[in-house]
Amino acid sequence: MSVAFRREGDDEHLEPKFEHPIPVGPNLVTARGLQMIKDRVAELQAKVAALTDEVALKIAKRDLRYWNTRQSTAEQPPVPTGEKVEFGTRVTFLLNDKEKILSLVGDDEADPASALVSFSAPISRALMGLKVGDYGDFAGKEDAIEILSIKVISNKTG
């Protein structure tokens, strides 16, 4: 029989399922971010134990592998002093004369709509190391940023 008429099954025509990509670099987390990861792992472990559907179980196990990796590689850096912009601070600044407030957090905790931005984002990298009153460059513009205030994000998990 010709190979052209061979059909092993529908699985060979399905789109392949890949692992969730792990962000490059250190896995820095705030206390809140670490708790979020632990909660997600516990939720997925319970889901995996309860699932019977093979496809849903494969997806849940893949998700659990990602979050287990994120939990095992999580690093809580020292609490910042608030003297300069760094991981774990909330910064108020002017960007092109418009006031903005952002908190610099880990990749998995980031939620730009809630003003939580990953420490690896371009705006975070532009802010890092600046102190109140400092100016910084951003998006090819000199002195586009002016730091107005810096506060340490609460180290509590709630």
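This report describes how five strands are arranged in one sheet of a predicted model.

## Ground rules

The model is predicted, and local features need pLDDT of at least 70, side-chain atom pairs count only at pLDDT 80 or more, and totals for chains, interfaces and linings use all residues. Residues are numbered from 1 along each chain as its sequence is written, and side-chain values use heavy atoms, with hydrogens and water left out.

## The whole sheet

The sheet is open and has five strands (DSSP runs of E, at least two residues, numbered from the N terminus). Their order is E5-E4-E3-E7-E6, with mixed pairing. Strands E5 and E6 (135-138) stand at the edges. Each has a single partner strand, so one side of each lacks a neighbour in the sheet. From one strand to the next, the twist averages 45 degrees. Here axes are lines fitted to C-alpha atoms, and angles run from 0 to 180 degrees between N-to-C directions.

In a regular strand, side chains alternate between the two faces of the sheet.

## The E3-E4 hairpin

Two strands pair if DSSP finds at least two bridges between them. E3 (residues 89-95) and E4 (residues 98-105) run antiparallel, joined by six bridges. Val91 stands opposite Leu102 in E4. The two strands form a hairpin, with two residues between them. Asn96 lies in the turn and has a positive phi of about 55 degrees.

## Toward the edges

E4 also pairs with E5 (residues 116-118), in the parallel sense, over three bridges. Val105 has Ser118 in E5 as its bridge partner.

At the other edge, E6 pairs with E7 (residues 141-152). This pairing is antiparallel and has three bridges. Phe138 has Lys141 in E7 as its bridge partner.

Methods. Helix = DSSP H or I, 4+ residues; strand = E, 2+ residues; numbered from the N terminus.
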